[in-house]
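Subject: Handing over a structure

Dear colleague,

I am passing on a structure for you to look through, with the sequence alongside. Please open it first, and then read the notes that follow.

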Amino acid sequence: ISGLIIIGVTLWTIIWKHQYISLLSTTNYVIGTYALLAAGLLAVFGGILGCCGVWLEHRGILLLYTFVLLIVFLLEIIVGGLSYLYETQIEAELQHTLNTTFMEHYGVNEQQTKAIDSMQQEFSCCGAVRFEDWRHSVWLRSRRKDLIKPTEGRLVPDSCCITVTSNCGLRDGPSNIHYTGCIYEMTDDLKYHLIILGAIGLGLSVIQVFGMVLSCCLYVKLKNVLD
């Protein structure tokens, strides 16, 4: 059951936040998420092994089950600890990199352009720190003709608009666009996910300890009976 919980939570995180991963400067978030997913898959595999070991009363399978639980336990502890550590650093990282990403890569890099547009619509925000950031962006100031999304007279991307329509970014008044920067909502959202990952990792690691203890007790009992 613990394995299925881990798989469910990590898949939810991956599916809903994968598009924003390209905006992060480090791979800590990605590594932690996929490591916890691996722990969940191993936990499910270990559960099947444990059932087979008990059903067949096979000491070798029980020993393998204990080893798998040990790996799962270590992964959960590591991911849980790193999640809480990274949660304290994510705000500084975003402040350092998010504005640069917005200013230099919007309209230039397709993946990051889509991620920024999606973020501005999801979080009802505009720009990294404030909407005025777009005035200094490559997208607005550059005269390049190979931009993914040409400005065409826009002052901000259409995704900044309160009601997104074609060319709505031509006006940047408070009645038309969001004025709050995305860094604040993005920081809170990632912190929330990291706290969940950390709690899942550290919390469910206790279950693996009980599993290892029970497996060892059963192994010893079978050894005494069969020998």
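To begin with one stretch of the chain, residues 63–86 are 100% helix and 0% strand, and the C-alpha atoms at the two ends of this span lie 35 Å apart. Residues 194–220 are likewise 100% helix and 0% strand, with their end C-alpha atoms 39 Å apart. Both stretches appear in UniProt, where an unreviewed entry lists residues 31–56, 63–86 and 194–220 under "transmembrane region".

Please keep in mind that this is a predicted model. The pLDDT averages 84 over the protein, and 96% of the residues score at least 70. Confidence is lowest in helix α1 (residues 2–17), where the mean is 78, whereas it is highest in helix α5 (residues 110–122), where the mean is 91.

Helix α5 is also part of a helix pair that you may want to look at. The axes of α4 (residues 90–105) and α5 come within 10 Å of each other and cross at roughly 120°, and this crossing is left-handed. On the α4 side the contact is made by Thr101, Phe102 and His105, while α5 contributes Gln112, Thr113, Ile116, Met119 and Gln120. Sorted by class, the contact of α4 with α5 holds three nonpolar and five polar residues, and no charged ones.

Finally, there are the aromatic rings, among which five pairs were counted. In one of these pairs, Tyr106 and Trp134, the ring centres are 4.9 Å apart and the planes stand at 70°, so the pair is edge-to-face, given that planes over 60 degrees apart count as such. Because Tyr106 sits in the loop between α4 and α5, and Trp134 in the loop between α5 and α6 (138–141), this pair ties together parts that are 28 residues apart in sequence.

With best wishes

Note on methods: Residues numbered from 1 in each chain as written. Predicted model: local features only at pLDDT ≥ 70, side-chain atom pairs only at ≥ 80, totals over all residues. Heavy atoms only, no water. pLDDT = per-residue confidence, 0-100. Helix = DSSP H or I, 4+ residues; strand = E, 2+ residues; numbered from the N terminus. UniProt positions renumbered as here; feature names shortened; annotations may be inferred. Axes fitted to C-alpha atoms, helices over the stretch in contact; angles between N-to-C directions. Left-handed = near helix turned anticlockwise from the far one by under 90°. Contact = heavy atoms within 4.5 Å. Nonpolar A, V, L, I, M, F, W, Y, C, P; charged D, E, K, R; others polar. Phe/Tyr/Trp six-rings, centres within 6.5 Å; stacked < 30°, edge-to-face > 60°.
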